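Please prepare a briefing on how the two chains of this model are arranged and on how some of their helices pack.

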2 protein chains.
Amino acid sequence: MTVGKYLIRRLEQAGLKHIFGVPGDYVLEFYDLLEASDIQVVCTCNELNAGYAADAYARIRGIGAVCVTYGVGAFSVLNSVAAACAERVPLVVISGGPRLSLRKGPQPCLLHHTLEDDEAELDIYRKVTAAAVILADPAEAPRLIDGALAACRRQHRPVYLEIPMDVVEAPCAEPGPLAVDMAVSSDPAALAAAAAAASEMLQCAARPAVWAGEEVRRAGAQAELVALLEHTGYAVSSSIQGKGVVPERLAGYVGIYRGQAGPEDAREVVEGADVLLCLGVQMTDVNLGSVRPRLDPRRMVVAYGDEVRVKGSSFLRVGLKDFIHALRAALPQGNVNLSRVKHPSEALKREFNPQPEARLTTARFWERINHFLERRQVILGDIGSPMLSAAELYLPDDAIFLTQAFYLSLGYAVPAALGAKLAAPHRRPLVFVGDGAFQMTCQEVSTLIRQGLNPVIFVINNDGYQVERVFNDGPYNDLQMWKYHLLPQVFGGGWGCEVKTEGELEAALAKAKAEADSLAFIEVRLDKFDLSAPLSRMAKS
Amino acid sequence: MTVGKYLIRRLEQAGLKHIFGVPGDYVLEFYDLLEASDIQVVCTCNELNAGYAADAYARIRGIGAVCVTYGVGAFSVLNSVAAACAERVPLVVISGGPRLSLRKGPQPCLLHHTLEDDEAELDIYRKVTAAAVILADPAEAPRLIDGALAACRRQHRPVYLEIPMDVVEAPCAEPGPLAVDMAVSSDPAALAAAAAAASEMLQCAARPAVWAGEEVRRAGAQAELVALLEHTGYAVSSSIQGKGVVPERLAGYVGIYRGQAGPEDAREVVEGADVLLCLGVQMTDVNLGSVRPRLDPRRMVVAYGDEVRVKGSSFLRVGLKDFIHALRAALPQGNVNLSRVKHPSEALKREFNPQPEARLTTARFWERINHFLERRQVILGDIGSPMLSAAELYLPDDAIFLTQAFYLSLGYAVPAALGAKLAAPHRRPLVFVGDGAFQMTCQEVSTLIRQGLNPVIFVINNDGYQVERVFNDGPYNDLQMWKYHLLPQVFGGGWGCEVKTEGELEAALAKAKAEADSLAFIEVRLDKFDLSAPLSRMAKS
């Protein structure tokens, strides 16, 4: 057994089937080991894109990994790691470092890709990870690897492992079976007290409602949430970061809550609730729709990060899953009781009648897309208007919604589609990406083609950074106008087209459906100032 | 006067005419100020590319700047800042931060683009800059700005300035005239002793030679170096990082020294010297051509970083410029005396006779390019084989050679061409970039087109990461095969073509010359295993 093989074995045991990255000389020995393993190496065009792909992969499979060379690679991928840190994604970063024998002691010369400070990279990674280590001592490496991987999966944060070239082949102990205790053990007394306090408050409520967020998924508490909702009949809204944790078919589902920036129906229910049960919602400006929240803490029960707060009291060491389970037991059965509010699926009952010659508008595009969604898709909304609109689509059962809704790196969705498709091969990714975001990471369409994948990519070309235009317009929001739809030809696969009318959109969607195994690239031309409903609301609020 | 305006005034005073970046909501107010200033805002497709552009701009103009939004922008640009730190480039990074009023004290919610640790970004930048500050207090801001800009220019290192949104418009003191004392003051006694010791050693030498490096440019000592060389008649070689500091027309010039990885003539002179005068050469594996240097320190006089070493003695506080000047005074006049070694310009005397139907080879391509170079060009060699070959071209007078020869970030050259052309508008950039490097940052061709610039871009398509193939071949060195030459059509300007024969190359070069104001994009198809001379040497060594 060697340190390199040990690390690979542990990644395999954790369920990793693919690793993303760009090769570089300090990491080639390790790449050779990867090529010989059961893990498939997926090379991207640049490192940042590898990080985004691995992030999406990790969100679906519970672990993702990116492997790069020292310095140039590790610093290029950093933003995706910071994103994974902020959004709590279990991402493993492996950086192949120069030989220790050339780094320690008097050096005959400086090594390319390095800074004078030999630990700068480690120190930088410490700021954006749950654990950052250099595997300098082969004897210690198994402990460090196991510790880092456990931190990654338990804390849902990225970790950094630097493996010097001359340590890759160094002998170390055999790995035993993988033992990671993922369960959070709640304090039984605190759990009981929290559930009692919360249920008491909820039982006095005339208009209770639930706001559910992304931590429900991390806590593995989706089934418990559904059971609670079916049992109580509470109205339920999702946060934008958590879209998908609540099955949208549920009778009590009212859509995304985002304050005045979100849809009116959900806002009425959430802000109108006399007791609001917040389950796993991160209190961010994106989720709240503003830096000035409109929710009154005195009327809320808040469960987040192993803590439950009810009125003035705080209950510590209460796991979210246990809390939801206990609440269901403590609350009486009830029925969904929603007045005035339409279920989001209502929108689908209105038939979409394309007017072939009509110039496509933003509203009509999204209305049509709502009818295009199906089970087993992964819906990827890139940052900006596409994410906001996609979040208000009616998500079919067994479809996944994926975005970076809090940290908000433009350009995430195209490389993320690569990671998502490899993580869930039976699902087709639908990518919605604005022109500005697309220009950031466009080359990864090439890797999707290279891997023979079949996403449908909608580049929403409205001639600039539209969200920024709403807040503060200036020449800096303009972009070079590309002929986006020619890119599949450049990259050597799939097919592309440009869509300006409703008829052209129909034809493109039909072709995408018919050619189900091929990458479809649909450039959607929309007017610069034709704002989507969510953007108009944001502009007003 | 406001903090935002103060910073802009100082940048103007330092000679900045362009700033590169990508807008984001935390930095839009500052972008509005920039738009109203004499500094032109040049928006790139993504932040990393903005950093590379600003780096090249700084190398030519003595200062460059990149302006991005907090988190997503600042972390995406980091690799270019680490590169500037390693390569000692005076690059100013401006990050627009969230309002202080929302960051300090009890926070109603987390802010998008941020990490929980409010100073993580600052701490990370401290590792790759000469100074990193948050302009939190408007009264202190002028002092912090002046200090950072002085550190940037004196130390030739990047600096980081974070300007929170609500500080941009905060009042502060008026800026006075810009006073940066750039001169290094040598210790007169140490200088005299160093010059005496060095000249004594050199006067005893039968075969003295000079090896000159990139610090000669930073020290502003190019004229002194030429005077010394013309006075003594010493043979002179350049380091690859320093290519261009020695005018290649000089009779004593023998080419680039890179140990066994470099050309034979220069190696013979440098390794055969009984005293080698190393002026401003960084001792790196790239400059030395190996991690095991073949130069004997006992036969060297080394001047680097305000220190001169002669045999066992070290002389501190001796500026490079002063030292070269003093050496000239201390050494007797002499004549160039080179036996066996051909001047690199000899290669140009052999006429290039294209054979129109002949399949283009790597050797013939570079031979032809050697004849294509002219005064007033900027030659940009991207990392890998193109950089190595371009470094062995004969550089005409008043041409600039630009690369990132030590830190070696693939993908540098295309965005760097943007910075170089804006920094030196009367020069035409020639970009030599491999397919692997090109895929990393390809979108910046669009910005070159958008700005109406006229580089000639040679994408050397040899189907993979060729340098890595030499060291360690594997499937990870393969790339998706693009139709690169179609990209100008996608990006909306310039023209592209594919070149497979010598005749096609002639036609493309003629067109590039005729259409001098247009971007030319020449895809050069070469065989996967057709190694250049420098690569063959590296493979052997």
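The briefing below takes up the symmetry of the copies, the interface and two helix pairs.

This is a predicted model, in which local features need pLDDT of at least 70 and side-chain atom pairs count only at pLDDT 80 or more, whereas totals for chains, interfaces and linings use all residues. Residues are numbered from 1 along each chain as its sequence is written, chains are lettered from A and ligands numbered from 1 in the order in which they are written, and side-chain values use heavy atoms, with hydrogens and water left out.

**Symmetry**

- A turn of 180° with a shift of 0.0 Å along the axis lays chain B on chain A with an RMSD of 0.0 Å, the superposition being by least squares on the C-alpha atoms of residues with pLDDT of at least 70 in both copies.
- That is the relation of a two-fold axis, and in chain B the C-alpha nearest this axis belongs to B:I124, at 2.6 Å.
- Both copies use the same surface, since 100% of the contact residues of chain B recur in chain A (contact means heavy atoms within 4.5 Å).

**Interface**

- In contact across the interface are 81 residues of chain B and 81 residues of chain A.
- About 6500 Å² is buried between chain B and chain A, with 60% of it given by carbon and sulfur atoms; buried area is the accessible area (1.4 Å probe) that two parts lose on being put together, summed over both.
- On the chain B side, B:Y476, B:Q480 and B:V490 lose the most area to chain A, together 11% of what that side buries.

**Helix pairs**

- Helices (H or I, at least four residues) are DSSP runs numbered from the N terminus, and their axes are lines fitted to C-alpha atoms over the stretch in contact, with angles from 0 to 180 degrees between N-to-C directions.
- In chain B, helix α1 (residues 3-13) packs against helix α2 (residues 28-35) at an angle of about 50°, with the axes 10 Å apart, which makes α1(B) oblique to α2(B).
- This contact joins B:G4, B:K5, B:L7 and B:I8 of α1(B) to B:F30, B:L33 and B:L34 of α2(B).
- In chain A, the axes of helix α15 (residues 362-372) and helix α22 (residues 502-514) come within 12 Å and cross at roughly 25°, so α15(A) is roughly parallel to α22(A).
- Angles under 35 degrees count as roughly parallel, over 145 as roughly antiparallel, 65 to 115 as roughly perpendicular and the rest as oblique.
- The contact of α15(A) with α22(A) is made by A:R364, A:F365, A:R368, A:I369 and A:F372 of α15(A) and by A:E502, A:L505, A:E506, A:L509 and A:K513 of α22(A).

Note on methods: Helices (H or I, at least four residues) and strands (E, at least two) are DSSP runs, numbered from the N terminus.
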